[in-house]
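Work through these exercises with the sequence and the coordinates side by side. Try each task before reading its solution.

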Amino acid sequence: MKKGMMTLCAATLAASMQANAVPMDFDFSGTFTKDNDVVLLNFTVNTASSVTIFSSSWDDGGFDPILAIWDSAGNRIEQQDDGGLTGSTVSNGVSYDYGVWDSYFTIALDAGTYTASIAQYSNFANGTHLSDGFRYDSNPNFRGEISPAAAPIMNFTS
């Protein structure tokens, strides 16, 4: 089983409404049971903030991820396959390495509710709306058709 990790870092205001934004790190992990699985993770930004979203799944010997951010109406804001960066980022006291084929981007978001999606290459979004679905929605074993040696189950966990 291959593994990977997606980490979402969002700056939000503390409940006390302090003048300075307090960074909040959210680390998500789980298991893909089919090649075409898409994981959707909801998060809220309380004030206009820069949000960094990245994966370490490729660098950790797992799958090639595609990450996207969608607004509350399901409109795609950003989608990225390869971030082209290498390095490490600390989230919740844990250092995560990421490689050139991991996704890594920072985007300015207004206050609101958003969804982050993670899928494996090449299961891109079909359009600019989350309701448009993804390229391989009807093909749960697409990796085997692309590369017969591809592992059928992906695991994204730390």
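**Exercise 1. Classify Val45, then place it in its strand.**

The model is predicted. Start with the accessible area of Val45, which is 1% in relative terms. The cut-off for buried is under 20%. Val45 is therefore buried. Next, locate the residue: Val45 belongs to strand β4. Then look across the chain. Gly112 is 67 residues away in sequence, yet the C-alpha atoms of Val45 and Gly112 are 5.3 Å apart.

**Exercise 2. Sort the side chains of β4 by face.**

Go along the strand residue by residue. The side chains alternate. Val39, Leu41, Phe43 and Val45 point to one face, and these four are buried. Leu40, Asn42 and Thr44 point to the other face and are not buried.

Now check the N-terminal end of this set. Val39 lies in β4. Its relative accessible area is 18%. Buried means under 20%, so Val39 counts as buried.

**Exercise 3. Which strand pairs with β4 over seven bridges, and in what sense?**

The partner is β11, and the pairing is antiparallel. Take one bridge as an example: Leu40 is matched with Ser117 of β11. Ser117 also serves for a distance check with Val39. The two residues are 78 apart along the chain, and their C-alpha atoms are separated by 5.5 Å.

**Exercise 4. Describe the largest nonpolar core.**

First, count its members: the core has 16 residues. Second, find the best-connected ones. Phe43, Ile69 and Leu109 touch the most other members. Third, list the elements that give two or more residues. These are β4 (39–45), β5 (49–55), β6 (65–71), β10 (104–109) and β11 (112–120). Finally, ask which element gives the largest share. That is β4, with four residues.

**Exercise 5. Is Asp71 buried or partly exposed?**

Locate the residue in strand β6. Its relative accessibility is 22%. The partly exposed class runs between the 20% and 50% limits, so Asp71 counts as partly exposed. Now list its contacts, leaving out residues up to four places away in sequence. Asp71 touches Ile77, Thr113 and Tyr114. For a distance, take Leu109: 38 residues from Asp71 in sequence, and 9.3 Å from C-alpha to C-alpha.

**Exercise 6. Examine the charge surroundings of Asp81.**

Place the residue first. Asp81 sits in the loop between β7 (76–80) and β8 (87–91). Asp81 is buried. Then search for a side chain of opposite charge. The nearest is Arg135, at 8.8 Å. A salt bridge requires a distance within 4 Å, so Asp81 has none. Last, list the contacts beyond four places in sequence: Asp64, Pro65, Ile66, Trp101, Asp102, Ser103, Tyr121 and Phe124.

Tyr121 leads to a further check, on the backbone. The peptide bond from Tyr121 to Ser122 is cis, with omega near 10 degrees. Ser122 lies in the loop between β11 and α1 (142–146).

**Exercise 7. Summarise the whole chain.**

Count the elements: one helix and 12 strands. Read their order from the N terminus: β-β-β-β-β-β-β-β-β-β-β-α-β. Next, take burial. Of the 158 residues, 44% count as buried. Then consider contacts between residues at least 6 apart in sequence. Of these, 69% join residues at least 24 apart. End with the surface. The chain exposes about 7500 Å², and carbon and sulfur atoms supply 49% of that area.

Definitions and conventions: Residues numbered from 1 in each chain as written. Predicted model: local features only at pLDDT ≥ 70, side-chain atom pairs only at ≥ 80, totals over all residues. Heavy atoms only, no water. Helix = DSSP H or I, 4+ residues; strand = E, 2+ residues; numbered from the N terminus. Buried < 20%, exposed > 50% of the residue type's maximum accessible area, 1.4 Å probe, protein only. Lys, Arg positive; Asp, Glu negative; His and termini not counted. Contact = heavy atoms within 4.5 Å. Areas by Shrake-Rupley, 256 points an atom, 1.4 Å probe, with all protein chains shown as cover. Core = buried A, V, L, I, M, F, W, Y, C linked by side-chain atoms within 4.5 Å. Pairing = 2+ DSSP bridges.
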